[in-house]
Amino acid sequence: MSHIPVLLHEALTALCIQGDGIYLDCTFGRGGHSKAMLAELGQSGRVIGLDRDPSAVVVGEELGAADPRFHIVHTAFSALESALDQLGIGRVHGILMDLGVSSPQLDDAARGFSFQADGPLDMRMDPTHGESAAAWIARAEADEIAHVLWVFGEERFSRRIARAIVEARVLEPIVTTSQLGRIIANAQPKRDPNKHPATRAFQAIRLFINGELSEVEQGLSAAVNRLEVGGRLVVISFHSLEDRLVKRALRDASRPPQGDPRMPLPETVAQPKLKLIGKAIKAGPDELSKNPRARSAVLRIAERTEAA
Ligand SMILES: C[S@@+](CC[C@H](N)C(=O)[O-])C[C@H]1O[C@@H](n2cnc3c(N)ncnc32)[C@H](O)[C@@H]1O
């Protein structure tokens, strides 16, 4: 199972790779972006890959065995600072985050991400940690389920769907993706002809189970701490909730910190930690014709500005 890297050329250009630099790929996946970074580096350059998915880590270990300039760490990227500490690395010259799930995760029915193929209802990127979707669906109150569907999926029938789930689980445990997909589809009074009726709810449950938005928030703040001055932070997101969060975090870090307006101005005004570079970038027609997954991808770039 392969994964076609999205916005590969754009991400590489944005990183402005220096031959002897150290680069952090926070979302290794199947290594498309990491390998392209390695191809631009000289003998003394390094790429550190992170992924919370053990199956991605296996691929990373193979790459590390073939190329000593590469090293993979099994971790969520919110913990990137401790991963770098353990490797004795302070700051890095560029950081990439290619957010969300990989094609192999979606395509492998056993991972339980997809309503298209039947599998156990899991949805964890790291199946060695945390609660599976089935375990959560079995215990959550209707109000909590509705909240998750609304906040993380903008699902307008969130309450109806939550009620249907709670009623259905009394009759039999909900343990497969197709069971949940059917319950969600049957609970919807109106359908969008262009979307599977479970699309939003599955996205919401996946984001919740993996804590994806708080991972992005913590990961971005850790990334800013660990970028060398002049180093680039490049983030690719795949849906509007994620992109909104990235846009806001980068914008906030690129504005001077706001003091208390009632207090006198300090003698030295703290400088923003990032400078935004260019506008959001989307895939061009050529890439879209080869990789439909690139349709919703948005790439944003910022540069580290000061050493504090
Ligand atoms: C879109 S794929 C990346 C694909 C990769 N750029 C490539 O070319 O193969 C996202 C990957 O990031 C991982 N991931 C997502 N969120 C993560 C997080 N918070 N911490 C670590 N890995 C994460 C997923 O497990 C998945 O393998």
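**Exercise 1. Burial of helix 10**

Determine which residues of helix 10 are buried in this predicted model, and identify what covers them.

*Solution.*
Step 1. The buried residues of helix 10 are Arg 200, Ala 201, Phe 202, Gln 203, Ala 204, Ile 205, Arg 206, Leu 207, Phe 208 and Ile 209.
Step 2. Because 10 of the 11 residues of helix 10 are buried, the helix is largely enclosed by the rest of the structure.
Step 3. The cover over these buried residues includes helix 6 (133-139), helix 7, helix 8, helix 9 (177-186) and helix 11 (212-226).
Step 4. Just after helix 10 comes Gly 211, with a positive phi of about 55 degrees.

**Exercise 2. Length and buried face of helix 7**

Compare the expected span of helix 7 with the distance between its end C-alpha atoms, then locate its buried residues.

*Solution.*
Step 1. Helix 7 comprises 12 residues, 142-153. At 1.5 Å a residue, the helix should span 16 Å.
Step 2. The end C-alpha atoms of helix 7 lie 16 Å apart, which agrees with the expected span.
Step 3. Ile 145, Ala 146, Val 148, Leu 149, Phe 152 and Gly 153 are the buried residues of helix 7.
Step 4. Viewed down the axis of helix 7, the buried residues fall within an arc of 165 degrees, so they line one face of the helix.
Step 5. The partners against which these buried residues pack are helix 8 (158-171), helix 10 (199-209) and helix 12 (240-253).

**Exercise 3. The buried face of helix 9**

Identify the buried residues of helix 9 and the helices that cover them.

*Solution.*
Step 1. Thr 177, Leu 180, Gly 181 and Ile 184 are buried in helix 9.
Step 2. Seen along the axis of helix 9, these buried residues fall within an arc of 100 degrees; they therefore line one face of the helix.
Step 3. Helix 6, helix 8 and helix 10 are among the elements that cover the buried residues of helix 9.

**Exercise 4. Two residues with positive phi**

For Met 123 and Glu 154, state the phi angle, the location and the degree of burial.

*Solution.*
Step 1. Met 123 is not a glycine, yet its phi is positive, at about 75 degrees. Met 123 occupies the loop between helix 5 and helix 6.
Step 2. Since 27 other C-beta atoms lie within 10 Å of Met 123, this residue is buried; the threshold is 20 or more.
Step 3. Glu 154 is likewise not a glycine and has a positive phi of about 45 degrees. Glu 154 follows helix 7 and lies in the loop between helix 7 and helix 8.
Step 4. With 14 other C-beta atoms within 10 Å, Glu 154 is partly exposed.

**Exercise 5. The surroundings of the ligand**

How many residues surround the ligand, and how do they divide by class?

*Solution.*
Step 1. The ligand is surrounded by 21 residues, of which the closest are Pro 5, Thr 27, Gly 29, Gly 32 and Asp 53.
Step 2. Helix 2 (32-40) and strand 2 (46-51) are the elements that give two or more residues to this shell.
Step 3. By class, the shell has 7 nonpolar, 8 polar and 6 charged residues.

**Exercise 6. Leu 8 and Leu 106**

Describe the exposure and contacts of Leu 8 and of Leu 106.

*Solution.*
Step 1. Leu 8 belongs to helix 1 (residues 8-15). With 18 C-beta neighbours inside 10 Å, Leu 8 counts as partly exposed.
Step 2. Apart from residues up to four places away in sequence, Leu 8 touches Gly 32, His 33 and Ala 36. Between Leu 8 and His 33 there are 6.4 Å in space, C-alpha to C-alpha, although the two are 25 residues apart in sequence.
Step 3. Leu 106 is part of helix 5 (residues 103-107) and is partly exposed, with 18 other C-beta atoms within 10 Å.
Step 4. Leu 106 touches Val 101, Phe 113 and Ser 114, again leaving out residues up to four places away in sequence. Leu 106 and Ser 2, which are 104 residues apart in sequence, lie 11 Å apart, C-alpha to C-alpha.

**Exercise 7. The two domains**

State how the chain is divided and what each domain gives to the contact.

*Solution.*
Step 1. The chain is divided into domain 1 (8-104 + 212-304) and domain 2 (126-209).
Step 2. A distance of 31 Å separates the C-alpha centres of domain 1 and domain 2.
Step 3. Domain 1 gives 7 residues to the contact, and domain 2 gives 5 residues.
Step 4. The side of domain 1 that touches domain 2 has 3 nonpolar, 1 polar and 3 charged residues.

Note on methods. Residues numbered from 1 in each chain as written. Predicted model: local features only at pLDDT ≥ 70, side-chain atom pairs only at ≥ 80, totals over all residues. Near = placed C-beta within 6 Å. Helix = DSSP H or I, 4+ residues; strand = E, 2+ residues; numbered from the N terminus. Nonpolar A, V, L, I, M, F, W, Y, C, P; charged D, E, K, R; others polar. Expected span 1.5 Å × (residues − 1). Buried ≥ 20, exposed ≤ 12 C-beta atoms within 10 Å, placed from the backbone. Arc of directions from axis to C-beta. Contact = placed C-beta atoms within 7 Å. Domains from an automatic or database assignment.
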